[in-house]
Amino acid sequence: MNRNNFKPHFLTTGVGSVPQTNSEEALDLIWRKVPLAPHWPQLPNSGAESSFIGQYLSVLIETGIIGDIKNPKFLVEETDWVERMTGFFSLYLEGIEGSDKALSRFGFSLQGGEGFEAFCLNLENHGTREAIFLKGQLSGPLTLGMQITDKNRRSSYYDETLRDILVKTLTLHAEWQTKRLSKFELPVIMMVDDPGLYGVGASSYITLNREELITELNSIFEGIIRQKGIPGVHVCAGMDWTLLFDSKAQIVNFDAYAYLQSMMVLAEHLNKFLLRGGILSWGIVPTNQDAWEETAHGLIHRLENNIAALVERGVDENLLRQQSMLTPSCGTGTLQKDLSEHIYQLLSEVGSAMRGTV
């Protein structure tokens, strides 16, 4: 399938994290509920190396750029910091220039990649079955940069050099992950999960530069595109979505359950995004206790009303229906297993119904 001719028609997939610590149990849930676009399971309850922050830092730990995985910070005070940076940038250049060995260094650690490797092994042993897409995910540069500090406990995102290191790390990780999944000969969706983007434009984040953020995200998207993947972004809060519409993201995944209004006010910009082939991924199933009160019928009614409201504001209905995906509003990794199962079940039922209407 041509990456630029992606028409998902309410295809369903997960955001990434699940509460299980056993990868086989997690994969059973994923293959049962989202078999057309299965994703590898992030297992944050397995420890720091599998966490949203720690999972993508393996190469920075190995090269001595960042210290303790449980409390990661840049080791800029070390006397050989310049040599450490030189080693990292040399490795990055080798990866960009096509060295598979160097690129693999930007992958997961053994523990951090447990869910990913289990997914790949499952595909090798059982094939792709009903799947028409495979989905991967990684954390975004703003969220990581705000969480990982320097020696003064200042967010590393505000340091140009440290931010550049994070962006380069994520760029090659995204490329490595996309390349690994592409060997199964299905189109690969690769989502950058960057909830910190909600703060763009807020007074507390006044120093964030919109164009710099777009450039940084595009660097990661370009790594995905180099491997013929489909790049996207997930943000589980309201934000100025035009930042993503103006980037090279092909998929924008938003919390449609709690933050629909933030998309409604940008209907004209959304329509332009759809016209250029963009995909709107609706996080329509809530990932909190509210899910227990919801039914598939109620969520379908909610989604149809939301579609109608966007169409009333000028969004092309045919494009919107052709170019929509469905997910939970966020990952389910912090929830109880029974609630996570219920959320994936609701998603499956809503997706089946919506795909039947196209």
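Author: A salt bridge is a side-chain nitrogen of Lys or Arg within 4 Å of a carboxyl oxygen of Asp or Glu. The structure is a predicted model, in which local features need pLDDT of at least 70 and side-chain atom pairs count only at pLDDT 80 or more, while totals for chains, interfaces and linings use all residues. Residues are numbered from 1 along each chain as its sequence is written, and side-chain values use heavy atoms, with hydrogens and water left out.

Reader: Why is the pair of Glu212 and Arg163 called a salt bridge?

Author: The closest N and O atoms of Glu212 and Arg163 are 3.5 Å apart. That distance is within the limit, and the pair therefore counts as a salt bridge. The two residues belong to distant parts of the chain: Glu212 is in helix 8 (residues 210–226) and Arg163 in helix 7 (residues 160–182), with their positions 49 residues apart. Such elements are DSSP runs numbered from the N terminus, helices being H or I of at least four residues and strands E of at least two.

Reader: What makes Arg163 buried or exposed?

Author: The class depends on relative accessible area: buried means under 20%, exposed over 50%, and partly exposed in between (1.4 Å probe, protein chains only). Arg163 has 13% relative accessibility and is therefore buried. Its partner Glu212, at 36%, is partly exposed.

Reader: How do you know that Asp164 and Lys168 form a salt bridge?

Author: Their side chains meet at 2.8 Å, N to O, and this value satisfies the distance rule. Both residues lie in helix 7, 4 residues apart, which is about one turn of the helix. Asp164 is partly exposed because its relative accessible area is 29%, whereas Lys168, at 18%, is buried.

Reader: What makes the pair of Glu175 and Arg226 a salt bridge?

Author: The N-to-O distance between the side chains of Glu175 and Arg226 is 2.8 Å, which again fulfils the rule. This pair also links distant parts of the chain, with Glu175 in helix 7 and Arg226 in helix 8, 51 residues apart. Glu175 is buried, since its relative accessibility is 7%, and Arg226 is partly exposed at 39%.

Reader: How many salt bridges are counted by this rule?

Author: The count comes to 19. In one network of salt bridges, Asp28, Arg32 and Glu341 are linked.

Reader: Why is Cys330 in no disulfide?

Author: A disulfide is a covalent bond between the sulfur atoms of two cysteines. Here the term is applied to a pair of cysteine sulfur atoms within 2.5 Å. The structure holds 0 disulfides. For Cys330, the nearest cysteine sulfur, that of Cys236, is 3.5 Å away, so the pair does not meet the cut-off. Cys330 is partly exposed at 25% relative accessibility, while Cys120, at 1%, is buried.

Reader: How are helix 3 and helix 7 packed?

Author: Two packed helices are described by the angle between their axes and the distance between the axes. Helix 3 (residues 81–96) and helix 7 pack at about 30 degrees, with axes 11 Å apart. Axes are lines fitted to C-alpha atoms, for helices over the stretch in contact, and angles run from 0 to 180 degrees between N-to-C directions.

Reader: What is the handedness of the crossing of helix 3 and helix 7?

Author: The crossing is left-handed. This name applies if the near helix is turned anticlockwise from the far one by less than a right angle, and right-handed applies if clockwise. The residues in contact (heavy atoms within 4.5 Å) include Trp81, Met85 and Phe88 of helix 3 and Leu162, Ile165 and Leu172 of helix 7. By class, the contact has 9 nonpolar, 3 polar and 2 charged residues. Ala, Val, Leu, Ile, Met, Phe, Trp, Tyr, Cys and Pro count as nonpolar, Asp, Glu, Lys and Arg as charged, and the others, Gly among them, as polar.

Reader: Why is Arg153 called exposed?

Author: Arg153 has 76% relative accessibility and is therefore exposed. Its place is in the loop between helix 6 (141–147) and helix 7. Arg153 also has a positive phi of about 60 degrees although it is not a glycine.
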